[in-house]
Amino acid sequence: MDTIIKKSTTPDALSTSRLQGFLRWETFLILIVFLVCVMNSYLSPYFLDPWNLSDATFNFTEKALIALPMAMLIIAKEIDISVAAIISLSSTLMGLVAQMGAPVYGVVFVGVLVGSACGLFNGVLVTRFKIPSIVVTIGTMSLFRGISYILLGDQVVRDYPDGFEFFGQGYVYWVFSFELVLFVLFALLFYWLLHRTTFGRYTYAIGNNPTASYYSGIKVDKHRLTLFTLVGVMSGIAAVLLTSRLGSTRPSIAMGWELSIITMVVLGGVSILGGSGTIGGVVLAVILMGLVTFGMGLLNIPGIVMTIIVGVMLIVVVSLPVLITLYKNSLKHSK
Amino acid sequence: MLKRFIYSREGILSLIVLAMFFSVGAISPDFISLTNSIGIFNDTAILIMLALGQMLVILTRCIDLSVAANVAFTGMLVAMVNQAFPDISMAFLILLSLLVGAFLGAINGLFVWLLKVPSIVITLGTMSIYRGATFLLSDGAWVNSHQMSKSFIGLPRFEILSIPVLGWTAIFLIVLAFWTMKFSVWGRNFYAAGGNPMAAFYSGVNVGKVQFYGFLVSGTLAGLCGYFWVSRFAVAYVDVANGFELQVIAACVIGGVSIIGGLGSVIGCVIGALFIGVVNNALPIIGVSPFWQMAISGTVIIIAVIANASSNKDKARIILRKPDQASRFLSTQSH
C-alpha cells in the first residue's frame with residue numbers, strides 16, 4: 001500500500017523498477033475489476049454472455065470518450081463541468097440541421113463542430129480573462145444548455161437521416177460495436193498523447209507548477225486552450241454517438257453526466273489537484289464503473305442506489321490514501 | 001459612505017437590479033407593487049439563505065455541491081415524520097430539520113477538515129449519496145399536500161406585517177449574517193482563512209476548523225430550507241431542488257464572492273440572489289418564454305466573473321503593500 005500512495009503523489013507514472021511499477025493504483029483497479037467480474041458471474045448466470053457484455057459497454061463508452069481528455073485537463077489543474085451541456089447544445093443543433101434535411105455526414109460535422117466551438121469558448125474565457133475554470137464552466141454550463149432550451153423548448157427532434165443510427169447502434173465486427181471500437185482507438189490515441197509526446201509531458205509540468213512551466217518556456221495558456229478545445233471535440237463526438245443511439249434529442253439530454261465523468265477520472269487515480277494520473281487508470285475506472293452498473297442492473301438494483309455506491313467509491317478512493325498516511329504517521333510518533 | 005457604496009460592486013449590482021425591476025415595472029405596473037415585491041422577495045428567500053451558507057464555504061476556498069441534495073433529504077425526512085405523526089409540534093420538526101441538515105453538512109466538513117480532501121470531490125460524492133439516500137428513505141414515493149398537516153404547510157405562509165414567515169426568516173438571517181461577518185471574530189476568520197490561509201495559520205486561526213464551520217452552517221441552512229421548500233411547494237419527492245446548487249453558486253458568483261476565496265460580502269450575496277429572483281419573476285411578465293432563464297443566468301455568471309477578474313488583480317497587489325495597509329485593504333474589501 002505504501003507504494004500505491006507514493007505512486008499517486010509522484011508527478012507522473014515513470015516506473016523505476018518492475019516491482020514498483022506493479023504496485024500501483026492501476027494494479028489495485030485491475031484487481032477490483034477482476035473481483036467484480038468474478039462476483040457478477042457468480043451472482044448472475046447471464047453476466048458472461050458476450051452479447052450481454054457488449055450491451056453493457058453502451059452504458060459507458062460515450063462518457064468514457066469524454067473522460068479521456070477530461071483526465072488530461074484535470075492533470076493540467078483545470079476542470080470542465082460544462083461537458084454535458086456541450087452534448088446537449090451539440091445534439092440540439094444536430095437535430096435542427098437534420099430537420100432541415102442535412103445528410104448524415106453533415107449532421108456529424110455539425111455535432112463535432114459545435115462541440116469544438118464550445119470547448120474553444122471555455123478555453124478562451126479561462127485563458128484570456130484568467131478566470132478559474134470551475135466558475136467559467138459553471139456559467140457556460142447554464143449558457144450552453146440554456147441555448148438548447150431556447151432552441152427546442154419542450155420539443156423533441158426525431159427526424160434523423162437514414163444511416164445516422166449506425167454510430168450509436170451499429171457493430172463493426174461480431175459483438176464489437178462502433179462505439180466500443182471508437183473508444184479503444186481514442187484510448188490508444190490519448191495514451192500516446194499523454195505518455196509518449198512532449199504535449200503530454202507539458203501537461204504534467206503545467207499541472208505540477210504552472211508558474212515554473214511558464215518560466216521554462218511552455219506556452220501555458222495555449223496549452224490550456226488546446227486541452228479545453230480537445231474536451232469540446234470529444235464532447236461533440238460523444239454527442240453524435242449518444243444522439244445516434246437514442247435517435248432523439250431533448251434539451252435535457254445527458255443531464256448530470258459531468259459528475260459521473262469526473263468520478264471516472266478521479267476513480268482512475270487522477271489527482272483532482274492536478275499533476276498526476278494516467279490514461280490506463282482512467283480506462284480501468286471506466287471499465288470498473290461499467291461492470292458494476294451492469295452487474296447491479298442484472299440484479300435489479302435501481303439506478304439511484306447505484307449513484308450512492310458511485311458516491312461512496314469516490315469518497316473512499318480520495319480519502320483512503322490520506323487515512324493510511326495519517327495512520328502510518330501516528331505509528332511513527334508512537335514509536 | 002453613500003458615494004463609496006455606489007461605486008462598489010454591490011452598488012453597481014443593486015443599481016442594475018433596480019433598473020431591471022423598474023423597467024419591467026414600466027411595462028407592467030403591477031410588477032413593482034408592494035405585494036408583488038414582497039412576493040418576489042419571498043420567492044427568492046430560499047435562494048438567499050442557501051447562498052449565505054454557500055458564501056461562507058466559498059470564502060474559505062471550498063465549494064459545497066451537496067446543498068440541493070441536503071435540501072431534498074431533509075425536506076423528505078421532515079415531511080415523512082409529519083405524515084406519520086400529524087400532531088407533532090412544529091418546533092420539533094424545525095429543530096429536526098436544522099439538526100439533520102447540520103449533520104449532513106458536518107460530514108462534508110469533517111472530511112475537508114480532518115482529511116484535507118478537496119471539497120469539490122467530497123461534496124460531489126455526498127451529493128449523489130444524499131440524493132440516493134432520499135430515494136432509499138422514501139422508496140421513490142411522494143408526500144403530497146393532503147398528507148401534510150395544516151400547520152406544516154401553513155407556517156411559512158403565516159403573515160406578520162404582510163410579510164410571510166419565510167421572508168422574515170430570510171431577513172433575520174441576512175441581518176445576523178451581516179453582523180457576524182462584519183463584527184465578530186468568528187465571521188472575520190472566514191475572510192482570514194480564505195484570503196491567506198498561511199498567514200491565518202500563523203496568526204492562530206485553525207483554517208481547517210473554519211472550513212468545517214462553513215460546511216456546518218451551509219448544511220444547517222440547507223436543512224432549514226429543506227423544510228421550507230417542501231412546505232412551500234406542499235410536496236416532497238426525490239428530485240426536489242435538483243440542480244439548485246448551481247443557482248446557489250451562481251447567486252454567490254454574481255454577487256461578487258470570489259471563488260478563489262477571501263472576497264465577498266453578505267450584501268453582494270443577497271443582491272446576487274435577488275438578481276436571479278427578479279429575472280425569474282420578470283420573464284413571464286415581459287412575455288419571454290421561461291426557457292430563456294437558464295441561458296440568461298449563464299450569460300450573467302460569465303459577465304459577472306469577467307467583471308470580478310479585474311478585482312482579483314487588486315487582490316494580487318496585497319502582497320506589495322505594507323502589512324498595516326494590507327490589513328486596512330482587507331477590511332475595506334467587505335464594504
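This report describes a predicted model with two chains, A and B.

Residues are numbered from 1 along each chain as its sequence is written, and chains are lettered from A in the order in which they are written. Local features are reported only at pLDDT of at least 70 and side-chain atom pairs only at pLDDT 80 or more, while totals for chains, interfaces and linings use all residues.

**Confidence**

The model scores ipTM 0.78 and pTM 0.83. For each residue, pLDDT gives the predictor's confidence, from 0 to 100. Chain B averages 84, and 90% of its residues score at least 70. Confidence in chain B peaks in helix α11 (residues 207-233), at a mean of 93. It is lowest in helix α15 (residues 323-333), at 44. Residues 315-335 of chain B have a pLDDT below 50. That stretch still has 14 contacts beyond near neighbours in sequence. Two residues are in contact if their C-beta atoms, placed from the backbone, lie within 7 Å.

**The two chains**

Helices and strands are DSSP runs, numbered from the N terminus: H or I over at least four residues for a helix, E over at least two for a strand. Burial is a count of other C-beta atoms within 10 Å of a residue's own, with C-beta atoms placed from the backbone: 20 or more is buried, 12 or fewer is exposed, and anything in between is partly exposed. The table sets out the values for each chain.

| Chain | Helices and strands | Box along principal axes | Buried residues |
|---|---|---|---|
| A | 16 helices, two strands | roughly 75 × 55 × 30 Å | 47% of 335 residues |
| B | 15 helices, two strands | about 65 × 55 × 35 Å | 49% of 335 residues |

The radius of gyration is taken over C-alpha atoms, and the globule rule is 2.2 Å times the number of residues to the power 0.38. Chain A has 21 Å, close to the 20 Å that the rule gives for 335 residues, so it is as compact as a globular protein of that length. Chain B has 20 Å, which agrees with the value near 20 Å for a compact globule of 335 residues.

Next, contacts between residues at least 6 apart in sequence. In chain A, 80% of them join residues at least 24 apart. In chain B, the share is 78%.

**Where the chains touch**

How many residues of chain B are in contact with chain A? There are 36, and they meet 37 residues of chain A. Helices α6 (119-138), α12 (244-254) and α14 (293-316) of chain B each supply at least two residues to this side. The largest share, twelve residues, comes from α6(B). By class, the side of chain B has 26 nonpolar, eight polar and two charged residues. Here Ala, Val, Leu, Ile, Met, Phe, Trp, Tyr, Cys and Pro count as nonpolar, Asp, Glu, Lys and Arg as charged, and the others, Gly among them, as polar.

**Helices in detail**

The expected span of a helix is 1.5 Å times one less than its number of residues. For the 15 residues of α5(A), this gives 21 Å, and the end C-alpha atoms are 21 Å apart, which agrees. A kink of about 30 degrees lies at Leu68(A), shortly before Pro69(A). The bend is the angle between axes fitted to the seven residues ending at a residue and the seven starting there. In α5(A), 15 of the 15 residues are buried, so the helix is largely enclosed by the rest of the structure.

In chain B, the 25 residues of helix α5 (residues 90-114) should span 36 Å. The end C-alpha atoms are 35 Å apart, which agrees.

Gly119(A) lies in helix α7 (residues 104-129) of chain A. Is Gly119(A) buried or exposed? Gly119(A) is buried, with 29 other C-beta atoms within 10 Å. Beyond neighbours within four places in sequence, its contacts include Ile86(A), Phe228(A) and Ser235(A).

**Positive phi**

Most residues other than glycine have a negative phi. Lys77(A) has a positive phi, near 70 degrees. Lys77(A) lies in the loop between α5 (61-75) and α6 (83-99) of chain A. With 19 other C-beta atoms within 10 Å, Lys77(A) is partly exposed.

Ala241(B) also has a positive phi, about 60 degrees. Its place is in the loop between α11 and α12 of chain B. Ala241(B) is buried, with 24 other C-beta atoms within 10 Å. Just after α5(B), Lys116(B) takes a positive phi of about 55 degrees.
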